[in-house]
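Good morning, and thank you for coming. I would like to take you through a structure, one part at a time.

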Amino acid sequence: MKYYLIPAIGMLAAILANQGIAVFNDGLRPLLPQYFDKHIQRKDLYQRALGVSLGLVFALGLPLIFVSGIFTTHALLLMTDVIGLKFHDDKRGALQSGVIGAIYGLLLVLLYEGFIVILSWLPYNFIDSLPIFGRVLLGVFAIFPSIVVSYQHNIKKGIFTFVLTFIAFIASLRFYDVLGQDPVIVGTVIGLLVMYVLALLKKGTDHSNESLTTIFSAKMQRLRRNSIPLAIMGGLLSLAASLTLLANEPLTLALLSNGASDAAIVGALVRGISFLPMVFTTAIVSGVYGMAGSTLVFAAGYIFMDNPYIAFVAGFIIIIIEIFSLKFVAKGMDRFPGIKDLGEHTRSSLDKLIQFALPIGSIIAAEAMASTFYLYGFGSMFMVGGMMLNRKLKKPIYEEAIGPLLLVVFGFILNFVYWLFIV
């Protein structure tokens, strides 16, 4: 299925980017109206997309695919933005973008399959040890609501939320036979309840977001005209998620690679809700949508893992609802400004936790791999050394990317050590 689905997503995504209907890179969306108004040239858009995307694709997207076996939107959709913006936004450009986008998607699949084949040839196949890196995120996932609360409100409320989360986690362990739920899920849900209640308590009387829907009504009409291709993309992304072929970000990817599908659903829902204010506001102003909308389509895919075709329909409907409810949601953001602020704090808190947890998880995984050969301390020595030296580079690799990248490199080094001393 991946040989057809990933190229199909690559094809449609490149066409949508080429026509200025949707892009994945949030930084590009505000620039497209300037291109429509002829204030900037297309090559400027392309260069901006290329400059931002290449580093994330090769330093973050590909290593995460290798360590998890799940394709990432960073590797797929960032590059389709580049492909789409490379060609003119006419019929010929759309065709060229679609063909190259499909080829890129297929090459991505073949690259991963080639990686697996190479590992099968090695004396020590470290593929089974790689998902260990994500286990740290299982625990980290439960505490992120308390971090969000501390940033949005104050440290006392953050500590209160953390204590409640911890108590719920312990209680669910004690009464697991009754609850039948993963303690991580129970702790997370309690934290989320506190987080959302505190956000809802902050009321507002501003009408700035609602007024945007009037000022930029032509932009909203453009979104509605393009709702069908956007919805098809939503359906394809949800379908890929239901088959565990595609993840939207490192957190849900790590949860899925460790079999924590329930936690992945909660994570995708929270991230989708947190992205609503930003995606909707930029969509209203620019007339350009996010390639995955608010990303709630991924949550739908994880919910319907046993029913991929229902997942496609759900993803399709979610995008339609999002586009036609822009004005309603804008009013809600005016009435409950705490929810809008919550979205910003949730995104930043999740990013900070991922930047902190992925390197730690990668060190633990490297140590587990090294212990196979009784090389205790070798894994942490290589990983910590590589991470610290990376910070001194003129262009350091992203903090959340360096761990998985070094982990893959370390796997090959262990094979060299095996050949050097054992063979």
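This talk covers two helix pairs, two further helices and several individual residues.

Please keep in mind from the outset that what you see is a predicted model.

Let me begin with the first pair, helix 6 and helix 7. Helix 6 covers residues 135-152 and helix 7 covers residues 155-174. At what angle do helix 6 and helix 7 pack? The angle is about 165°, and the two axes lie 7 Å apart. Angles over 145 degrees count as roughly antiparallel, and helix 6 and helix 7 are therefore roughly antiparallel to each other. Their crossing is right-handed.

Which residues meet between these two helices? From helix 6 there are Ala142, Ile143, Pro145, Ser146, Val149 and Ser150. Their partners in helix 7 are Ile155, Lys157, Gly158, Thr161, Phe162 and Thr165. Sorted by class, the residues of this contact are six nonpolar, five polar and one charged.

The second pair is helix 13, residues 250-257, with helix 14, residues 261-286. Here too the packing angle is about 165°, while the axes are 8 Å apart. That angle makes helix 13 roughly antiparallel to helix 14. The crossing of helix 13 and helix 14 is left-handed. On the side of helix 13, the contact is made by Thr252, Leu255 and Leu256. Helix 14 contributes Ser261, Ala263, Ala264, Gly267 and Ala268. How many charged residues does the contact of helix 13 with helix 14 have? There are no charged residues in it, but five nonpolar and three polar ones.

I turn now to helix 9, which runs over residues 183-200. A simple check can be made on its length. With 1.5 Å for each residue, its 18 residues should span 26 Å, and the C-alpha atoms at its ends are indeed 26 Å apart, so the two values agree. Many of you will want to know which residues of helix 9 are buried. They are Pro183, Val184, Ile185, Val186, Gly187, Thr188, Gly191, Leu192, Val194, Met195, Leu198 and Ala199.

Let us take Thr188 from that list, a residue of helix 9. Its relative accessibility is 0%, so Thr188 counts as buried. What does Thr188 touch, if we leave out residues up to four places away in sequence? Its contacts are Phe141, Ala142, Phe144, Pro145 and Val266. Two of these names have come up already: Ala142 and Pro145 are among the helix 6 residues that meet helix 7.

A second threonine, Thr73, belongs to helix 4, residues 73-86. Is Thr73 buried or exposed? Thr73 is buried, because its relative accessible area is 0% and the cut-off for a buried residue is under 20%. Outside the residues up to four places away in sequence, Thr73 touches Phe24, Leu78, Leu246, Ala247, Asn248 and Phe298. Thr73 and Val57 are 16 residues apart along the sequence, and their C-alpha atoms are 9.2 Å apart in space.

Next comes helix 12. Its 16 residues should span 22 Å at 1.5 Å a residue, and its end C-alpha atoms are 22 Å apart, so expectation and model agree. Helix 12 is mostly covered, with 13 of its 16 residues buried. One residue in helix 12 is Ser227. With a relative accessible area of 6%, Ser227 is buried. Setting aside neighbours within four places in sequence, Ser227 is in contact with Ile320, Ile323 and Phe324. Ser227 and Ala22 are 205 residues apart along the chain, yet their C-alpha atoms are separated by 11 Å.

I close with the backbone. Most residues other than glycine have a negative phi. Where does a positive phi of about 55° appear just after helix 12? It appears at Thr244, which lies in the loop between helix 12 and strand 3. Thr244 is partly exposed, as its relative accessible area is 28%. Thr295 also has a positive phi, of about 80°, although it is not a glycine. Thr295 sits in the loop between strand 4 and helix 15. At 8% relative accessibility, Thr295 counts as buried.

Thank you for your attention.

Notes
Residues numbered from 1 in each chain as written. Predicted model: local features only at pLDDT ≥ 70, side-chain atom pairs only at ≥ 80, totals over all residues. Heavy atoms only, no water. Axes fitted to C-alpha atoms, helices over the stretch in contact; angles between N-to-C directions. Helix = DSSP H or I, 4+ residues; strand = E, 2+ residues; numbered from the N terminus. Parallel < 35°, antiparallel > 145°, perpendicular 65-115°, else oblique. Left-handed = near helix turned anticlockwise from the far one by under 90°. Contact = heavy atoms within 4.5 Å. Nonpolar A, V, L, I, M, F, W, Y, C, P; charged D, E, K, R; others polar. Expected span 1.5 Å × (residues − 1). Buried < 20%, exposed > 50% of the residue type's maximum accessible area, 1.4 Å probe, protein only.
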